[in-house]
Amino acid sequence: MDVKQSMREILRAESEAILAIPVTDGYEKAVEAIVDRVHRRKGKLVTSGMGKAGQIAMNIATTFSSTGTPAVYLHPSEAQHGDLGVVQPDDIVLFISNSGKTREILELVELLHGLYSDIPVLVITGAPDSPLAQLADITLLTAPAPEVCPLGLTPTTSTTMMTVIGDVLVVNTMQAIGFTRQEYAKRHHGGYLGVASRTPQK
């Protein structure tokens with residue numbers, strides 16, 4: 001096995017997938033919805049997903065929180081055992097599922113609407129005609145690219161695209177609310193980034 005050649009192929013495939021992500025009006029609508037619910041109404045962003053998609057959802061939530069937009073990750077299964085109570089009326093929810101058919105996520109949408117019927121639902125998925133996409137107020141699609149996993153099964157390319165879409169939402173929300181280094185420093189005291197955020201720029 002030529003690892004270097006394999007690496008080049010993987011980098012090329014994932015780069016092409018990222019560049020193929022559809023750029024749509026959905027992003028402007030999603031950012032405006034997040035700003036409205038979190039910064040105007042004082043709610044929060046709730047993210048959710050199962051498996052690898054859940055780990056991406058958790059990462060998106062922590063990145064939002066560190067950049068001035070309060071967010072929490074809600075595990076779909078734990079939500080059915082009481083954790084759904086973390087959701088409040090002015091929140092907004094972001095679901096992530098590549099197939100758009102994840103049973104636990106579809107069940108969570110139903111439970112969520114039973115709690116607050118008008119809560120906005122954002123979805124990141126690779127399946128525009130999926131049950132989850134049909135339930136969304138705003139759908140952000142990944143590109144129809146195969147996984148780089150040699151089996152074509154392990155979430156690899158798809159999770160890379162999900163992460164990038166999360167970054168797009170975070171960065172544009174930061175710009176929309178005028179988030180500053182000073183505000184970042186208040187939320188990220190420790191480590192190198194904490195020091196860097198408190199160091200005056202030259």
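This is a short dialogue on reading salt bridges and a helix packing in a predicted model.

Biologist: Let's start with charged side chains. How many salt bridges does the structure hold?

Modeller: Six salt bridges. Keep in mind that we are looking at a predicted model.

Biologist: Okay, pick one. Which side chain does Asp36 meet in a salt bridge?

Modeller: Asp36 meets Arg40, with 3.6 Å from N to O. Both residues sit in helix H2, which covers residues 26-40, and they are four residues apart, about one turn of the helix.

Biologist: Is Arg40 buried or exposed?

Modeller: In between: Arg40 is partly exposed, at a relative accessible area of 48%.

Biologist: And where do I find Arg103 and Glu107?

Modeller: Look at helix H5, residues 103-115; the two are four residues apart there, so about one helical turn separates them. Arg103 forms a salt bridge with Glu107, and their closest N and O atoms are 3.3 Å apart. Glu107 is partly exposed, with a relative accessible area of 26%.

Biologist: Which residues are joined into one network by salt bridges that share partners?

Modeller: Glu32, Asp36, Arg40 and Arg41. You've already met Asp36 and Arg40 as a pair.

Biologist: Now for a pair from other parts of the chain. What does Lys44 form a salt bridge with?

Modeller: With Asp91, and the closest N and O atoms are 2.7 Å apart. This pair links distant parts of the chain, 47 residues apart. Lys44 is in the loop between H2 and strand S1 (45-49), while Asp91 is in the loop between helix H4 (76-79) and strand S3 (92-96).

Biologist: Why does Lys44 count as buried?

Modeller: The cut-off for buried is under 20% relative accessible area. Lys44 has 11% relative accessibility, so it counts as buried. Asp91 is buried too, with a relative accessible area of 0%.

Biologist: Let's move on to helices. What describes two packed helices?

Modeller: The angle between their axes and the distance between the axes. Here, take H2 and helix H7, residues 157-177: their axes come within 10 Å and cross at roughly 55°. The two helices are therefore oblique to each other. H2 passes H7 in a right-handed crossing.

Biologist: Which residues make the contact?

Modeller: On H2, they include Tyr27, Ala30, Val31 and Ile34. On H7, Ile165, Val168, Leu169 and Asn172 are among them.

Biologist: How many of the contact residues are nonpolar, polar and charged?

Modeller: Ten are nonpolar and three are polar, with no charged residues in the contact of H2 with H7.

Technical notes. Residues numbered from 1 in each chain as written. Predicted model: local features only at pLDDT ≥ 70, side-chain atom pairs only at ≥ 80, totals over all residues. Heavy atoms only, no water. Salt bridge = Lys/Arg side-chain N within 4 Å of Asp/Glu carboxyl O. Buried < 20%, exposed > 50% of the residue type's maximum accessible area, 1.4 Å probe, protein only. Axes fitted to C-alpha atoms, helices over the stretch in contact; angles between N-to-C directions. Parallel < 35°, antiparallel > 145°, perpendicular 65-115°, else oblique. Left-handed = near helix turned anticlockwise from the far one by under 90°. Contact = heavy atoms within 4.5 Å. Nonpolar A, V, L, I, M, F, W, Y, C, P; charged D, E, K, R; others polar.
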